[in-house]
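Visitor: Could you walk me through this structure and explain how each label is earned?
Guide: Gladly. Let us look at it together.

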Amino acid sequence: MDLCHWWRYTVTLLIGVWSTLCLAQTTPPIQTTPRTKSTLAPTQQSERLKFRLAGYPRKHNEGRIEVFYKGEWGTICDDDFTLFNAHVLCRQLGFVSATGWTHSAKYGKGAGKIWLDNVQCSGSETSISVCKSRGWGNSDCTHDEDAGVICKDERLPGFVDTENVIEALSGQGDEYHIEEVRLRPVVATAKRRLPVTEGVVEVRYKNSWSQVCDRGWTPKNSRVICGLMGFPHERKVNKNFYRRLKRSAEAKGKVTVAASRQKLKSKANAKANANVKNSAITTNKRLYTERQKSHFLVHSVACLGTEVHLAACPLEFNKGNSSTGACEDGMPAVVSCVAGPLYTHNVALKKKLKVSKNVRLKGGTHTAEGRVEVMRGGKWGTVCDDRWNLQSASVVCRELGFGSAKEALTGARMGQGVGPIHMNEVQCTGQERSIWSCHYKNITEEDCMHTEDASVRCNTPYMGYEKTVRIGGGRSRYEGRVEVLQALPNGTQRWGLLCGDGWSTKEAMVVCRQLGLGYANHGLKETWYWDSSNVTDMVWSGVKCTGSEMSLTQCQRHKVFNCQKAVARFSAGVICSETASDLVLNATLVQQSVYIEDRPLHMLYCAAEEDCLSKTAAQANWPYGHRRLLRFSSQIHNVGRADFRPKLGRHSWVWHACHGHYHSMDIFTHYDILSVNGTKMAEGHKASFCLEDSECQEGISKRYECANFGEQGITVGCWDLYRHDIDCQWIDITDVKPGNYILQVVINPNQEVSEMDYTNNAMKCSCKYDGHRIWVHNCHIGDAFSDEVERKFEKYPGQFNNQIMN
């Protein structure tokens, strides 16, 4: 090698070594302990790291990854980011693994610090802090490079969500931890009924169930257990009853031993005598040892009563064969809970149990989850997610008759609300009876937007709903043919199909909810799914649900089976989805844009062809004369978690030659003029001839455009605008007499397309018509007011003062 080549080789080697030392530096944790191959304990830290998913739009298991370090939230740069990094981060967030990751700030740009850059994990690390990187706060990135993760929607066993974020706990290591908690009923009648409200507290550890010693057990401990089991309150346990059971068990053990000893005396064979003696001793040990020592894993539980999980309470584990393994002078902890109104069997008690009328949950897949809305001054409004945590969420859950909070969700995870935001920076201790008793701040316009609406998922009692229905034959677990478990006259059960006649999205919603599969995308009247279960007989017909039921058994159905096409092909099916759209009309724009037009008949031929005029128009002297039209603009926002798409694909859209466009939905909106008693005085409808993104929120791109036979829909965070000056954007009021009325607009009236919440699809306004002019005021979404205010609104629709609104 000549001198030139030797020098070049030496410089290259030095640069490589220097680069490796700089870029492959291990991220220095605040404090670490040496790791060896034999220890799997997480890195000990004097300060806990916190992690959260942020950004919009996103699902609950995906988003921009943010880390809380040294008192400040920050992001991670996407340089050198891999799926291995995502695996580590998803586990720290409480998920089992990652399914993907994103770059270039897909979920929006973060703010503040970029804590980590050039992160390189192998995938097996217990914390991102022990992966290689440039070090904390050392980055040359901008927030345009913020990384995101997509986690598998499956939680780690026994994860503890201490706030709305998962803390990286160093804790007690992997050897001892609480995986699951249950109440095991002891009384025979309780074993046969759900929910189980009273029983022995048991924890799962290494695939077996162990008991908790009741020494020092307090009502605060019971409150935590009841909340975890889905119950709002605890009640006093009759301990004397369980002590008698214990003494009875002990007496049985002594009788067994005495009987065995008596048997020993009658045996002449010394060998048999020894065997029976050993058997008696074994029986004695089993009755006492299993009850007192090997079944007791946890003792010295000292909850404050505000925790959302037993694992968050101070407690001790019985390790190995230590003397604390026995529960001396104690017995298994027993807890008794009070079920909420939705889950109690006692009719008298159900009437006494009252839930708050000033708090509600909207947009969830069932009644125990959703966007938190509170009543103030007769108007419903949302709660901003600043400082939103499990303690505050638990107050809401218990106030509504559920248990403690399973999750405190931020970032409008259950869709965006409309109207006012009533509360910000809510801080509860967890003991309050109402969220209004917690400390909070009032809202200013600069504080929050509806993209920051707080949501909750509450613990609910186990009811076994999923055992009586199943779907099969689909391409995934989210779709298939519906089968129900039917009791037969001979006392046995077998599975059967449902008749598809009349099956709709409402019924499909109940099935998806019952199976924990989210929202219903479609209710199928005809299925071509593979017969995976060999079930061919139909057992139910005429199923009719409101859409709010928790189980199909709560819906109406024929007492006697009656199906026109009783073959498997025409059985009911469903397609479920974890997310759904949510359409809301801009009520203010309707009120601002309304006016009357007398339009000549010769300009209404196309409108008449599309049935946009009242029935009396057919008797008019065409083309002479005119029709009086109430015109207004309609701006429809998608504030949900999925794009709103027509039920039918483009191949099924209908071409209308007169207007020269396709209809993707025959009826997209209903327009009505109602009398005070609710009678329709005039009506109109709007076909979705062009569902598209007219405008979007900042940072969201348009996806749908009608031009050139394009795809139709409304993207999350966008809105579709039907201007007041286009055909059929009106109600024909030619035949309406002067008086006071209600203007009503209903989006997606037949519920053909799945939404998170149908109750906000209607808008109402007060109207006064004098035969020449019309005044429209108090326009609001149908469920925006309290029941009392809404009753006043419907009784006095022509009022012009704001008494109703105050």
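Visitor: What makes R52 count as lying over the face of W73?
Guide: A charge sits over a ring if NZ of Lys or CZ of Arg is within 6 Å of the ring centre and within 35 degrees of the ring normal. R52 is at 4.0 Å from the ring centre of W73, so the distance part of that rule is met, and R52 is listed as lying over the face. K50 lies over the face of F68 in the same sense, at 5.6 Å from the ring centre.

Visitor: How should I read such values?
Guide: This is a predicted model, in which local features need pLDDT of at least 70 and side-chain atom pairs count only at pLDDT 80 or more, while totals for chains, interfaces and linings use all residues. Residues are numbered from 1 along each chain as its sequence is written, and side-chain values use heavy atoms, with hydrogens and water left out.

Visitor: Why is the pair of Y69 and W115 called edge-to-face?
Guide: Rings of Phe, Tyr and Trp (its six-membered ring) pair if their centres lie within 6.5 Å; planes under 30 degrees apart count as stacked, over 60 as edge-to-face and the rest as tilted. Y69 and W115 are 4.8 Å apart centre to centre with 85° between the planes, so they pair and the pair is edge-to-face. This pair links distant parts of the chain, with Y69 in strand β2 (residues 62-69) and W115 in strand β5 (residues 113-116), 46 residues apart. Helices (H or I, at least four residues) and strands (E, at least two) are DSSP runs, numbered from the N terminus.

Visitor: Why is the pair of W115 and W136 edge-to-face?
Guide: Their ring centres are 6.2 Å apart and their planes at 70°, so this pair is edge-to-face. W136 belongs to the loop between β5 and β6 (148-151), 21 residues from W115. Ring pairs link Y69, W115 and W136 into a cluster, and a search of the whole structure finds eleven aromatic pairs.

Visitor: What makes R204 and E180 a salt bridge?
Guide: A salt bridge is a side-chain nitrogen of Lys or Arg within 4 Å of a carboxyl oxygen of Asp or Glu. The closest N and O atoms of R204 and E180 are 3.0 Å apart, so the pair qualifies. R204 lies in strand β9 (residues 198-205) and E180 in strand β8 (residues 180-184), so the pair ties together parts that are 24 residues apart in sequence. By this rule the count comes to 35 salt bridges.

Visitor: Is E180 buried or exposed, or does it count as something in between?
Guide: Buried means under 20% relative accessible area, exposed over 50%, partly exposed in between (1.4 Å probe, protein chains only). E180 has 35% relative accessibility, so it counts as partly exposed.

Visitor: How do you know that R360 and D783 meet in a salt bridge?
Guide: Their N to O distance is 3.7 Å, so the pair meets the salt-bridge rule. R360 lies in strand β15 (residues 359-363) and D783 in the loop between β41 (774-781) and α12 (787-795), so the pair ties together parts that are 423 residues apart in sequence. R360 counts as buried because its relative accessibility is 16%, and D783 is buried at 15%. R360, K362, R371, E373, D757 and D783 are linked in a network of salt bridges.

Visitor: Why is T365 called buried?
Guide: Its relative accessible area is 13%, so T365 is buried. T365 is placed in the loop between β15 and β16 (369-376).

Visitor: What makes the approach of T365 and E369 a polar contact?
Guide: A polar contact is a pair of N or O atoms within 3.5 Å; within protein, one must be able to donate a hydrogen and the other to accept it, and residues adjacent in sequence count only if both atoms are side-chain atoms. The side chains of T365 and E369 are joined at 2.7 Å, so the distance fits. Leaving aside neighbours within four places in sequence, T365 is in contact (heavy atoms within 4.5 Å) with R513, G518 and Y519.

Visitor: What makes helix α9 mostly covered?
Guide: In α9 (residues 505-514), nine of its ten residues are buried, among them T505, M509 and R513. What covers these buried residues includes β22 (469-473), β23 (479-487), β25 (519-524) and β27 (573-577).
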